[in-house]
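Me: I am new to this entry and would like to understand the reasons behind the labels used for it. Could we go through them one at a time?

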Amino acid sequence: MVSEGIILKDNGVIDSIKCEAKELLSKGPEKWSNEIINTKRYFIKDTLDDFIGCNNRAEGIFIANTLAELVSEFVLRTNNRWIGASKWIIRSLRDYDINFAEQFVETFDIFYRSGSKNEVIKLVDEILHPYGGRLFEGFSLGKK
């Protein structure tokens, strides 16, 4: 909002504030540590397991929604991109990679239309693969 907003009143400081905002946006968010990446992999794997094992259509829809949010966050943040919420998720994904965004939407749409989980599972595995794949066994939070 600051970098793209319309100025209603300026006391001579707005240009420097807008410049700083644009600079911060273009720099991207702070890089995720390996610990954060592994934690996110754990939560994605846990949600993916729930998704795979779910036989209740209503529950499956909401699990898929959670999975889509977790995976979109993972893709964007591991690629030094800002995340969004609601309509900004797809806008952020398109800004990152238009082809990936289209694949992402189509993959989840297949599930929502048909109930077929295969494409979602395949996409999640492809995303996690460069980071070591699904993470679960032996993983613990807060223990050193």
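What follows is a set of questions about labels, each with a reply.

Me: What makes up the protein, in helices and strands?

Reply: The model is a predicted one, and in it the protein has 6 helices and 0 strands. Read from the N terminus, the order of elements is α-α-α-α-α-α.

Me: How do you know how the protein, with its 144 residues, stands against a compact globule?

Reply: The radius of gyration of the protein is 18 Å, whereas a compact globule of 144 residues would have one near 15 Å. The box filled by the C-alpha atoms, taken along the principal axes, is roughly 60 × 45 × 25 Å. As for the surface, the protein exposes about 9800 Å², of which carbon and sulfur atoms supply 52%, and 34% of the 144 residues count as buried.

Me: Why is V75 called buried or exposed?

Reply: Buried means under 20% relative accessible area, and V75, at 6% relative accessibility, therefore counts as buried. V75 has its place in helix α3, and, leaving aside neighbours within four places in sequence, V75 is in contact with L93, Y96, F100 and I127.

Me: What makes V75 and Y96 a contact, and how far apart are they in sequence?

Reply: The two residues are 21 places apart in sequence, and their C-alpha atoms are 9.2 Å apart in space. Contact, however, means heavy atoms within 4.5 Å, so the C-alpha distance is not what decides the matter; Y96 is listed among the contacts of V75.

Me: Why is S92 called buried or exposed?

Reply: With the limit for buried set at under 20%, the 14% relative accessibility of S92 leads to the conclusion that S92 is buried. S92 is found in helix α4, and, apart from neighbours within four places in sequence, S92 is in contact with L76, W82, I83 and G84.

Me: What makes the phi of N80 worth a remark?

Reply: Most residues other than glycine have a negative phi. N80 is not a glycine, and yet has a positive phi of about 55°. N80 is found in the loop between α3 and α4, and S86, which lies in that loop as well, also has a positive phi, near 60°, in a residue other than glycine.

Me: Why do N80 and S86 get the labels they have for exposure?

Reply: Exposed means over 50%, and partly exposed covers the range between 20% and that value. N80, at 38% relative accessibility, therefore counts as partly exposed, whereas S86, with a relative accessible area of 66%, counts as exposed.

Me: How do you know which residues line the second largest pocket?

Reply: A lining residue has an atom within 4 Å of a point of the pocket, and the residues listed are N65, A68, E69, S86, I89, I90, F104, V105, F108, D109 and Y112. The elements that give two or more residues to this lining are α3 (57-78), α4 (87-96) and α5 (98-114), and α5 supplies the largest share, 5 residues. About 250 Å³ of space lies in the second largest pocket.

Me: What makes up the lining of the second largest pocket by class?

Reply: The lining has 7 nonpolar, 2 polar and 2 charged residues. Asp and Glu count as charged, so D109 and E69 are the residues of that class in the lining.

Definitions and conventions
Residues are numbered from 1 along each chain as its sequence is written. This is a predicted model: local features need pLDDT of at least 70, side-chain atom pairs count only at pLDDT 80 or more; totals for chains, interfaces and linings use all residues. Side-chain values use heavy atoms; hydrogens and water are left out. On a 1 Å grid over the protein atoms alone, a cavity is a set of points where a 1.4 Å probe fits but cannot get out, and a pocket is an open set with protein on both sides within 12 Å along at least five of seven lines; lining residues have an atom within 4 Å of a point. Grid points are joined across faces, edges and corners, and a volume is the space filled by probe spheres set on the points. Helices (H or I, at least four residues) and strands (E, at least two) are DSSP runs, numbered from the N terminus. The radius of gyration is taken over C-alpha atoms; the globule rule is 2.2 Å times the number of residues to the power 0.38. Buried means under 20% relative accessible area, exposed over 50%, partly exposed in between (1.4 Å probe, protein chains only). Accessible areas come from the Shrake-Rupley method with a 1.4 Å probe; for residues, only the protein chains shown count as cover.
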